[in-house]
Amino acid sequence: MFFIRKKNFFMFLLLFSFSISLIFRDNFYPQSKFINSANAVSGTFYRFTNYWRQYFDLRTQNEMLSEENRELRRQLLAMQQYESRYVFMDSLQFFDSLKYEVRKANVIRNSFLHSKNYMTIDRGAKDGITQDMGVISSKGIVGIIENTGNRFSTVQSVLNTKSALNAMVKNSGHFGSLKWNGDRINVVQLVDIPNIAPIQEGDTVITGGMSNIFPKGIPVGKIVAINRSQMDNSYVIDVELFTDMAKIDFVYIIENKDKQEIHNLENQISYE
């Protein structure tokens with residue numbers, strides 16, 4: 001009944017559609033305009049979907065890049081070790097005796113607003129992580145492994161008033177102790193540098209290599225202020241960290257393969 005009442009309307013739609021098809025079939029210009037319009041719509045759609053596909057793929061890309069950085073950092077440490085030894089050996093012997101191993105981990109929790117800050121990473125004892133391993137980012141030091149579970153570990157952040165790391169001023173070669181007074185995020189203090197040291201603002205601070213935790217030369221930060229200590233003839237130097245401790249997604253753990261042997265030997269020393 002409905003179709004009978006509306007038969008004139010449906011007849012109009014049928015004839016209109018037929019005429020449109022004849023126009024597009026026999027005339028190039030309107031046909032090309034239609035195709036171009038369709039292409040524009042589909043192109044916009046594909047651009048939109050591709051944007052979001054790339055966005056959600058960033059996590060995978062970051063994982064790949066961090067893995068590449070881990071291997072490059074391991075090779076860099078190996079070359080630094082080779083240069084510091086300056087001995088004649090073939091390449092096979094050298095790479096069989098690498099001193100450092102580098103592992104990657106994701107940060108799943110990070111505190112930076114307290115006086116004693118820590119972070120939690122998703123690597124533990126089953127991954128070869130042990131206490132007192134050094135932790136760095138792609139830009140510089142982060143902290144030291146404090147406790148390990150089977151699958152997770154906690155890291156004592158460099159922004160921790162209990163932290164004390166060996167560091168040196170790169171240009172002058174003077175060594176000191178890197179601590180944090182708890183005042184400013186990402187600004188730590190280098191102490192025990194004699195006030196006769198030729199240092200200036202803007203100088204780079206690196207790890208000193210005088211411990212079994214960090215190798216020598218890992219970036220720390222740049223000097224932003226130099227003050228004289230009120231206790232002795234030394235400087236208290238403010239160092240702005242290269243690593244933004246409030247924005248850390250993943251880190252690298254450095255294992256010194258010789259640490260246990262060195263530790264055993266040092267335990268045999270008597271200073272009495």
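Here is a short conversation about how the labels used for this structure are earned.

Visitor: What kind of model is this, and how are its values obtained?
Guide: This is a predicted model, in which local features need pLDDT of at least 70 and side-chain atom pairs count only at pLDDT 80 or more, while totals for chains, interfaces and linings use all residues. Residues are numbered from 1 along each chain as its sequence is written, and side-chain values use heavy atoms, leaving out hydrogens and water.

Visitor: What is the mean pLDDT of the protein chain?
Guide: The mean is 78, and 62% of the residues reach 70 or more. For scale, pLDDT is the predictor's confidence in each residue, from 0 to 100. Over residues 38-43 pLDDT stays under 50, and the model has zero contacts there beyond four places in sequence. Residues 84-97 also stay under 50, with eight such contacts. A contact here means heavy atoms within 4.5 Å.

Visitor: In what order do the six strands close into a barrel?
Guide: The order is β6-β7-β8-β11-β10-β9, with antiparallel pairing. Neighbouring strands of this sheet are turned by 40° against each other on average, direction ignored. That angle is taken between axes, which are lines fitted to C-alpha atoms (for helices, over the stretch in contact); angles run from 0 to 180 degrees between N-to-C directions.

Visitor: What makes β6 and β7 a pair?
Guide: Two strands pair if DSSP finds at least two bridges between them. Strands β6 (residues 165-169) and β7 (residues 175-179) have four bridges, in the antiparallel sense, so they pair by that rule. One of the bridges links Asn166 to Ser177 in β7. The strands themselves are DSSP runs (E, at least two residues; helices are H or I, at least four), numbered from the N terminus.

Visitor: Which strands are joined to β11 by bridges?
Guide: Seven bridges join β8 to β11, antiparallel, and Val187 has Glu240 of β11 as its bridge partner. Strand β10 (residues 219-228) is also joined to β11 by seven bridges, again antiparallel, with Ile223 partnered by Val239. A hairpin of five residues leads from β10 to β11.

Visitor: Why is β11 described as largely enclosed by the rest of the structure?
Guide: Because six of the eight residues of β11 (residues 234-241) are buried. Buried means under 20% relative accessible area, exposed means over 50%, and partly exposed lies in between (1.4 Å probe, protein chains only).

Visitor: Why is Asn195 called buried?
Guide: Its relative accessible area is 18%, and the cut-off is under 20%, so the label fits. Asn195 sits in the loop between β8 (187-194) and β9 (204-207). Beyond four places in sequence, Asn195 touches Arg228, Asn233, Ser234 and Tyr235.

Visitor: What makes Phe175 partly exposed?
Guide: Its relative accessible area is 31%, which falls between 20% and 50%, so it takes the middle label. Phe175 is in strand β7. Its contacts beyond four places in sequence include Asn166, Asp192 and Gly208. Phe175 and Gly208 are 33 residues apart in sequence and 6.6 Å apart in space, C-alpha to C-alpha.

Visitor: How many aromatic pairs does a search of the whole structure find?
Guide: The search finds one. The rings of Phe250 and Tyr252 have centres 6.0 Å apart and planes at 80°, so the pair is edge-to-face. Rings of Phe, Tyr and Trp (its six-membered ring) pair if their centres lie within 6.5 Å; planes under 30 degrees apart count as stacked, over 60 as edge-to-face, and the rest as tilted.

Visitor: Are Phe250 and Tyr252 buried or partly exposed?
Guide: Phe250 is partly exposed at 23% relative accessible area, whereas Tyr252 is buried at 0%.
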